[in-house]
Amino acid sequence: MKKMISLILALMLVVGTLAGCSGDGGESSTPQESANGSTAESAQEASEGEEQVGPEFSYPMDGTVTLTINRDSYEIEDIPEYARDYYFWEMIQENTGINLEFIGAASGAFDTTEEFLLLLASGEYPDMFCCNWVSFPGGPMTAMADGYIQPLDQYMEWLPNLAQFLSENPDTDRTVRTDDGQLFSTPWLREEGTEVGTGLVIREDWLDEVGLEVPETIDDMYEALTAFKNDLGVTVPLTFELRWLWLETAASSLSSPFGVAYPYYVEDGQVKFGPLEEGYRDFVETMATWYAEGLLDTDLATVDKSTVQAKFANGEAGVAIQQYTNVQNCIDVLTEADASNKVTGVPTLVMNEGDQPKFSHFWKVYDGGYALTMSTQTENAEAVCRFMDYSYSPEGINLCAYGTEGVSYEADEDGNFVGFTDIITNNPSGDAPSTARGYFAQPTNWAYPSRDLNYLLSDEVQSIMQTWQADMGTYVFPPVTYTSEESATKSAKYSTLDTYCREEITKFILGTSSMDGWDNFVTEIKSLGAEELLALEQAAYDRYMAR
Amino acid sequence: MVLAHDTFRRRASKDMKRNWPLYLMVLPVVIFYILFCYKPMVGIIIAFKDYKPNLGIWGSPWTSQYGLYHFISFFDSIFFARVCINTIMISLYSLVFGFPAPIILALLMNELRSQKFKRVVQTITYFPHFVSTVVICGMVRQFCLSDGLFNEIGSWFGAQPQSLLQVPEYFRAIYTATGVWQGVGWSSIIYLAAIAGVDSGLHEAAALDGAGRFRRIWHITLPGIKPTIVILLIMQIGGMMSVGYEKIILLYNESIYETADVISTFVYRRGLLEFNWSFSTAVNLFNSVLNFILVFTANAISRKVTETSLF
């Protein structure tokens, strides 16, 4: 079976190579040579002089090169008719003059799929990988050492737009380089205004009813929740999914007043592990008190996304931690039930009035998801680079973000986006604007500097997202990479530590364990290697900052 | 010896000549087993190695501690005792409550005289088997909420509402009860088939002698399906150490790890989510060895006591 797969992959590769070569009619395989052959418009000049063709290069290329990529293929018949002629994946091939062959084995944003791992195991790689090497065990360094991917530094002449983008965004530049400074992938940058996607929402009409303002401090919140419970008889004053305590600092709007987050964050260049901090104890104690007083959802540990959404939408809950994508649904349901129902966002809470919030749910730092990387087995390094680079060029960015000019969006004479056309905002088939946009463009999950993700959101949701904005700035723990020794230690110890912390903290909050046991808990996590792992993260962080 | 060997050979070739179509027919099956069941067993070796896909099974380095690193790290884990006990307890619950349920259902159904009613009952009891575990668990989670169905029913009897999936003591009961509900109809099919094979003459004779229904069930039906029961029991005992992770992962949460975390969920978090295949293989190998010992013991006991056995 594996043999068969590798055979098929090998065949594909051969076919791909042949297609690539037929253009120049030679057996070009070195970057320099293929550069000459496949540049359609300047082919003749180029073949005379051996100089690089960078400045004169223009898209599209001559269409003779086919690149393989690990994405799932599509049937054009499955695309709605209104979008079929301008479907993003067709357009990007047409505009770049590079044909793509989708070989399947797509990978997730953070986790690696089994199909993808089988692809790695087969030993036959596509020209480009679309996956997350930062979360790959051992990180991009290991991926290079193991011979899956190659650094892009040697091909910078074919990546002018990316080079410019990286030099303008040094913080992002750091996230796509290894500790020794090699560029391993092209980043997907989330645009301003979408860095914070999860936060607290509150029933504004209920606040009015009990005569309170939108809470600012943790005490305000306590007051509001108590008023909801006692004056309005709200059964679930505050609800959220338990997992937000552990993931993406999404519950930090509650833990920020205590100056802590889970698991790692940075303060004055020092990496901190939340549960080891004194503030974390106070945070857990507060949550436990709230739970005991019935302010926190009784079902805290068992509610999932849809339950939280349902509880908030049907008026059972007064405050919830929500993702922005779900807020609109809740508002729709609430206002349909009663037009006077109102929802507003709550900024990250602080301890004392006037304090600056420390944390938020933060997306700005690129985590390595949906990156494009060049495999070691590509025979068309130039075409791979040109393809990657296209998404950083002005026209490439517009295609990824808005689709095709004159079809899905209108532009001014400089080519700048002005607005979407009716086909998006008032779709003939009744598709939601974001769905329609998804056919013409690839606004998310693709390596390019994304634009206007919230453009199609309602004003209400946009203003809620505005309230969530809090610059985590230097506090955020960046996507560091580990040496193979560090990886081994982490894989042996971290999962146990993490499980233990999650379990015990949950029990403290639910009141199953008394807060008196906190010191024992800290002793126990130290014996599980919390400090050793912290030192490891510190070392990785120091290397990251030195990049 | 030589003679015996020769005779066997001669007998075999004679048999081959006579029955070659049969041999031809069995050949694909034999090849299937060699290719897909025996050859992959070589892969067990990665339990003793640090498996890296690009290095392959043979190229990956052996682990430290004489290749036993992954086993030792499993035994050393602070969760080792807990996940083993939980696995055994959940298996025991399933065995004690889950195993007799389909037998009882089959016996009851066999006594039904109205064919129409019987068919309705069968359809209703089979149905949950065809619903995906994900959906079942989603329903169970909703029912267990503090304002869910179970608490609603509990409140009729004056019980305080509480989030049932946050109480460690309840998890095994919820897991087993929903398991029985989901599987009882489907598992009863094999017993119904066995009951159908019991000689109806015996029933008539017993009825003539004045034996009541329970007498007949006890003395005719049950002994008639005893071999089926014993074989299925041995097989279930052989699976004691392996409780599937899907249903537990869909039901559990941090507050009930204490009783809900089993070997497979532990491996799922530690092995699969971190691509640690060698570790997962080591734990599963440990599991399989224990399962094998259990099935072998159960088989030996059963051979002695009931004279029915798997092998």
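User: Let's start with Ala313(A). Is this residue buried or exposed, and how do I tell?

Analyst: The general idea is to count neighbours: a residue is called buried if 20 or more other C-beta atoms lie within 10 Å of its own. In this predicted model, Ala313(A) has 21 C-beta neighbours inside 10 Å, so it counts as buried.

User: Where in the chain does Ala313(A) sit, and which residues does it touch beyond its sequence neighbours?

Analyst: Ala313(A) belongs to helix H14 of chain A, which covers residues 305–313. If you set aside neighbours within four places in sequence, its contacts are Asn329(A), Cys330(A), Val333(A) and Leu334(A). You can also look at Ile331(A): it is 18 residues away along the chain, yet the two C-alpha atoms are separated by 7.1 Å.

User: How do I read a sheet? What is the strand order in the open sheet of four strands?

Analyst: Go across the sheet strand by strand and note who pairs with whom. Here the order is E5-E8-E4-E9 in chain A, and the pairing is mixed. Strand E5 (236–239) and strand E9 (343–346) of chain A each have a single partner strand and stand at the edges, so one side of each has no neighbour in the sheet. On average, neighbouring strands are turned by 30° against each other, direction ignored.

User: How many bridges join E5(A) to E8(A), and do the strands run parallel or antiparallel?

Analyst: They run parallel, and three bridges join E5(A) to E8(A), the strand at residues 317–323. For a place to look, find Leu238(A), which stands opposite Val319(A) in E8(A).

User: Which helices lie on this sheet?

Analyst: Follow each helix direction against a strand direction. Helix H11 of chain A (residues 218–232) lies across E5 and E8 of chain A, at about 145° to E5(A). Helix H20 of chain A (residues 459–468) also packs on the sheet, where it touches strand E4 (198–203) and E9 of chain A, and its direction makes about 20° with that of E9(A).

User: What are the domains of chain A?

Analyst: A domain can be built from several stretches of sequence, as you see here. The assignment gives domain 1 as 2–49 + 57–191 + 368–403 + 425–436, and domain 2 as 198–361 + 473–546. Where they meet, 12 residues come from domain 1 and nine residues from domain 2 of chain A. On the domain 1 side, helix H7 (139–145) and helix H9 (170–175) of chain A each supply at least two residues. The largest share, four residues, is from H7(A). By type, that side of domain 1 has four nonpolar, six polar and two charged residues.

User: How can I describe chain B as a whole?

Analyst: Begin with its elements, then its overall spread. Chain B has 15 helices and zero strands. Its radius of gyration is 25 Å, well over the 19 Å that the globule rule gives for 311 residues, so chain B is more spread out than a compact globule. Its C-alpha trace spans about 65 × 60 × 35 Å along the principal axes. Of its 311 residues, 27% count as buried.

User: How many residues of chain B are in contact with chain A?

Analyst: List the residues on each side, then ask which elements they come from. Here 23 residues of chain B are in contact with 23 residues of chain A. On the chain B side, helix H7 (133–144) and helix H14 (263–272) of chain B are the elements giving two or more residues. That side divides into eight nonpolar, nine polar and six charged residues.

Definitions and conventions: Residues are numbered from 1 along each chain as its sequence is written. Chains are lettered from A and ligands numbered from 1 in the order in which they are written. This is a predicted model: local features need pLDDT of at least 70, side-chain atom pairs count only at pLDDT 80 or more; totals for chains, interfaces and linings use all residues. Two strands pair if DSSP finds at least two bridges between them. Axes are lines fitted to C-alpha atoms, for helices over the stretch in contact, and angles run from 0 to 180 degrees between N-to-C directions. Two residues are in contact if their C-beta atoms, placed from the backbone, lie within 7 Å. Domain bounds come from an automatic or database domain assignment. Ala, Val, Leu, Ile, Met, Phe, Trp, Tyr, Cys and Pro count as nonpolar, Asp, Glu, Lys and Arg as charged, and the others, Gly among them, as polar. The radius of gyration is taken over C-alpha atoms; the globule rule is 2.2 Å times the number of residues to the power 0.38. A residue is buried if 20 or more other C-beta atoms lie within 10 Å of its own, exposed if 12 or fewer, and partly exposed in between; C-beta atoms are placed from the backbone.
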